[in-house]
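Trainee: Have you got a minute to go through this structure with me? I'd like to work out how the parts fit together.
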Amino acid sequence: MMPELILEINGAKYEVKAATTATLAEVLREELGFTGTKMMCNEGECGACTVLINGKPMLSCMILAIDAQNKDILTIEGLADPVTGRLHPIQKAFVEHSGMQCGVCTPGMILTAKALLDENPDPTEEDVRRALSGNLCRCGNYRRITECVLDAAEVMRTGERDDK
Amino acid sequence: MTPPKYLTARSVEEALSLLSQYGEKAKFVSGGTDFLMQLKRGEAAPECLICLGEIRDLDFIKYDEINGLRIGALTTIVNVAKASLIQSKFSILAQAAGMLGTPAIRNQATLGGNLCNAAPSADTAPPLLVLGAIAKTAGMEGEKIVPLEDFFVGPGQTILGQDRLLTEIQIPNMLPHSGGAYLKQKRRQGADLAVVGVAALVVMEGEVLKDVKIALGAVAPTPIRAKKAEEILRGKKLDQGLLEKSGQAASGDARPIDDIRGSADYRRELLAVLTKRAITQAIQMAEGR
């Protein structure tokens, strides 16, 4: 049985056929081409497949695609301004301060950080580390990732360097 | 293998009626964080998934002075961890919920799912056991309530069987001068299943431990109460010797296994230490220190 699903991704609706047991990560990557969402451990340990569902970080490898219907899904592809293409301040910070090395954890890190900053615009380093505790970076770039998020938080609060 | 049928239940009645049609071929799914692993590993191959996520009635946290706390089975773990009411009045539960999995897992997973999956290491179970929680279940023939202590049958098994649904957890008010603590030993600071989990709840009367409850996770086929350890302390004034003895007794109450997270011997050693610490912290909490 291959039900027809309707998924709302980055503000647009997509119709897609998928098995009832297909995960959201599989459908995003393999059916819809949103390969920015990474699939690494595929068992809920690493956080690479994190997307925002109704604004909250969730693991797309641990959600059935069919259960993700009627929800607002944000993937990394939807984070930059759709019209101007301007990067989100967190993305910008990752570029400017080398927040990524191999890049596989990056989309999950950035989306998790976005959810944190939406909820808490002025986090402490400890807050950032806790929020990112479910996102593993095998390059071990945690220190710089944390700095990027704190830097982006400051930019978002003060509006500084927004148009750089 | 044909993929399972997917059905959405919009009410408890609908869930039960679907379950009665499909019986053991069906599987209830809420947050799915445990279930999807079973599916991927081939440990579960249901013919039919009954999705519970649309049953809005089971997503609630309610409190009143007389009856205490009631939490709907489909309440997410993050909401249990962050509810200010639970943090202030039942902090041991909020503490344990905040230690479950990763932030993303806590956004998805539900309290009912954590209990019904019945992992021996389920983080919410030890605090709920010491709090004297009651599980409310629904079946075609009506509702039943059962002490959470009798809810778990074995690893992955509960009393629910093939025809009942967990709907609500009820927690009586804590007595005055109570304090509780949940300690979880993991292999690393980040997300991990418990090697050992210990919850302790004390009720103080002056310097006397009027009541003590201790529950253990990840050291037996189900989460369990450490009743011998409790007995040693109940009604006594705490001293170092008694504390030592209760830690040893908790080790004796446990039936740990060797697994990837730790050996049975290591778990027994840990239990003795964590039990002492949990009791000490619970007393400090009760005394407002």
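Trainee: What does helix H11 of chain B lie across?
Mentor: This is a predicted model, so keep that in mind. In it, helix H11 (residues 264-286) of chain B lies across strands S11, S12 and S13 of chain B. The helix runs at about 35° to S12(B).
Trainee: And B:Tyr266, where is that found?
Mentor: B:Tyr266 is in helix H11 of chain B.
Trainee: Buried or exposed, or something in between?
Mentor: B:Tyr266 counts as partly exposed, because it has 15 C-beta neighbours inside 10 Å. Buried would take 20 or more, and exposed 12 or fewer.
Trainee: What separates the C-alpha atoms of B:Tyr266 and B:Val196?
Mentor: The separation is 9.6 Å, although the two residues are 70 apart along the chain.
Trainee: Back to those strands. What order do they take in the sheet?
Mentor: The order is S11-S12-S13-S14 in chain B, an open sheet of four strands with antiparallel pairing. At the edges are strand S11 (178-185) and strand S14 (224-225) of chain B, each of which pairs on one side only.
Trainee: How many bridges are there between S11(B) and S12?
Mentor: Eight bridges, and strand S12 of chain B covers residues 196-205. In that pair, B:Ala181 stands opposite B:Ala200 of S12(B).
Trainee: There's another sheet in chain B. Is that one parallel or antiparallel?
Mentor: Parallel: three strands of chain B form an open sheet in the order S1-S3-S2. S1 and strand S2 (26-29) of chain B have a single partner strand each, so one side of each is left without a neighbour in the sheet. On average, neighbouring strands of this sheet are turned by 25° against each other, direction ignored.
Trainee: Which residue stands opposite B:Tyr6?
Mentor: B:Leu49 in S3(B). S1(B) and S3(B) pair in the parallel sense over four bridges.
Trainee: New topic, the contact between the chains. How many residues does each chain give?
Mentor: Chain B gives 21 residues and chain A gives 23.
Trainee: Which elements of chain B supply at least two residues each?
Mentor: On the side that touches chain A, strand S1 (5-8), helix H2 (35-40), strand S3 (48-51) and helix H6 (103-108) of chain B each do. H6(B) has the largest share there, with five residues.
Trainee: How do the residues on that side of chain B divide by type?
Mentor: On the side of chain B that touches chain A, 12 are nonpolar, seven polar and two charged.

Key:
Residues are numbered from 1 along each chain as its sequence is written. Chains are lettered from A and ligands numbered from 1 in the order in which they are written. This is a predicted model: local features need pLDDT of at least 70, side-chain atom pairs count only at pLDDT 80 or more; totals for chains, interfaces and linings use all residues. Two strands pair if DSSP finds at least two bridges between them. Two residues are in contact if their C-beta atoms, placed from the backbone, lie within 7 Å. Axes are lines fitted to C-alpha atoms, for helices over the stretch in contact, and angles run from 0 to 180 degrees between N-to-C directions. Ala, Val, Leu, Ile, Met, Phe, Trp, Tyr, Cys and Pro count as nonpolar, Asp, Glu, Lys and Arg as charged, and the others, Gly among them, as polar.
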